[in-house]
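Trainee: I would like a close look at one part: the place where two helices from different chains meet. Please take me through it step by step.

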Amino acid sequence: MTTAPRLSDARVWTRLQPFVAVLLGAIVIGIPLWLVVVTAGKSQGEALAPNLALPSQWHLWENFATVWTAGEIPAAFFGSLLVVVPTVAGVLVVGSLASWVLARRATRLTAVLYALAISGIVLPPAVVTVVLLLRHLGLAGTALGMIGVYTGIYLSTVIFFVTGFVRTIPVSLEEAAQIDGAGPFTVFRRVVLPMLRPVLATATILICLYVWNDVFYAFFVVGGRLDTLPLNLFRVASAGLYLNNWHLVFAYVILMSLPLVAVFVVAQRKIISGITSGAVK
Amino acid sequence: MSTAQQTPVPVHSGTQTPAPVPRRPPGTAHRRTHPMWFIAPALAILGVFFFLPTLFNFVYAFTDWSSFKSDINAVGIENFTDLAADGTLFSALRITVVYAVLVAVFQNAFGFALAVLLERDTRLNRVVRVFFLIPVLMSALAVGYVFQALLKPDGSLNQLIEAVTRHPFQYAWLGDTTWTIVVVAVIHAWKWMGLSMLIYLAGLKTIPEDLLEAAHIDGASRWRAFWAIKSPLLAPAVTFNVATALLGSMNGFDIVQATTGGGPARTTEILNIFIYRTFGQGLFAQATTMSLVLFLLVALMAFPVIRFLRKREEIL
């Protein structure tokens, strides 16, 4: 009868686990998020010292309206889009073109090129001298310069993921198309690209996440010249905290996070399986 | 070129007779089907926007480039000796390494604990997992501001502690020259623990059920089965998580900037904070020097760590 207590241990844990999970989630994630929502709903006087109490009167929409104009959210939103969309499109197209050839041609040269191409995953970008370079190129402070910098930084990640994925696809499908007389570009577009969809989805999510939320590289490249959501949050917060405008800071945080949260809620299952399938092989 | 000759088309590799089609030299076949110029755009972008600035780092770190004068002169290793002399170089290096290690430890501990807690695929667990992924989606800057508000001396955390212990509690979580770096590392780990959890969950799923059953039949306790079977099989997930946590925190900026801005008394001033601050002051050469230091630090630290973790995977 030695197994009896052990079994009941397991049963106790099975009963207890849901409560532990919910409690932990409520404390660790719930409290910070609660603070954001209630503070964003308060008047300036009530929000001076942010706490977990409910606002005596909700001012959420007024605060949204205030930061919408003070934080220039429409301009920042389009600035962010202007940078994120071409960056993602660029890294996916250029990256998967290169990855396909890098995966299929097993020569010493391609091995060296592959190592070089993925080194950017590890190595930090030279943020200061890139500004100088953009000045020489006439791209300083422009969206195009920012797109180039982001593409340079995240191309490595895409090439790493996609090359690994291409290696798992059999070559026979490509060969069938080649025998039918299709050129390399047609083979890539018609045969290879459709099969890359899952890994491209993963890469899209990761890079959107990085670029949409980036403030560090944006500071150096477009700071003060182009509005993006994180740059404007920084501006609102730097001015706002000085004036103790916590209600505006958190109203901005909510508005800024909504697009990504909305995308995540809609495509939640795909995103989770996409991220995890790339990492553990 | 022996490697090139060993790359027949995989379809034929199973047959024992050589393929009936006359073989072309492999190079020419690939030249038509997988042309090298497909790699060219990627290499051009990487070359211009990644490698060229990195090369510039090695040049401009040895100059007096600044916003105060228009000409740029070589000054040798003066920037390095200046930064070393006033102690900034080594303190920033030490703080960056300490921060990276702390983040790697916390992020993996939290992520692993969450994965074990939420391992079973019940509906409730799936909902709770999504909850823990919200910080991953949020901007790091926003996360920093949330915790700045939460951790003020008169903030919510201290109020909660007062309510529980019924004693006045006014600890300045972000104003302690010794412990604030740990607090900020915990915040960084809080933001990214959901991602680590996902990776560990995926790792746990790869463990075959019959292996655990066999251990159970052999009389192994749940605890022992966990440590003897599950944890070694999680090695690839550990590699990925430790490597990404180290790299992410060494390149960190937003969370530190939004919580402490490098303070108190510059005890949380990691390299990127220093780079940002000196760049803003127009001291471009000093910022470049630290950027080069960061580059060398990551190159020296990351590659051995990844190799070590990979080797451990092979042994286990």
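Mentor: Start with confidence. Chain B has a mean pLDDT (the predictor's confidence in each residue, from 0 to 100) of 85, and 89% of its residues reach 70 or more. Residues 1–24 of chain B fall below 50. Where pLDDT is low, the predicted coordinates should not be read in detail. The model scores ipTM 0.89 and pTM 0.88.

This is a predicted model: local features need pLDDT of at least 70, side-chain atom pairs count only at 80 or more, and totals for chains, interfaces and linings use all residues. Residues are numbered from 1 along each chain as its sequence is written, with chains lettered from A and ligands numbered from 1 in written order.

Now the helices (DSSP runs of H or I, at least four residues, numbered from the N terminus). Take α4 of chain A, residues 73–104, and α3 of chain B, residues 40–60. Their axes, lines fitted to C-alpha atoms over the stretch in contact, come within 7 Å and cross at roughly 120°. Angles run from 0 to 180 degrees between N-to-C directions. Under 35 counts as roughly parallel, over 145 as roughly antiparallel, 65 to 115 as roughly perpendicular, and the rest as oblique. So α4(A) and α3(B) are oblique to each other.

Who touches whom? Contact means C-beta atoms, placed from the backbone, within 7 Å. From α4(A) come Val94(A), Gly95(A), Leu97(A) and Ala98(A). From α3(B) come Pro41(B), Ala42(B) and Ile45(B).

Across the chains, the contact takes 81 residues from chain A and 76 residues from chain B. On the chain A side, helix α1, residues 3–40, gives the most, with 13 residues.

Key: Contact = placed C-beta atoms within 7 Å. Helix = DSSP H or I, 4+ residues; strand = E, 2+ residues; numbered from the N terminus.
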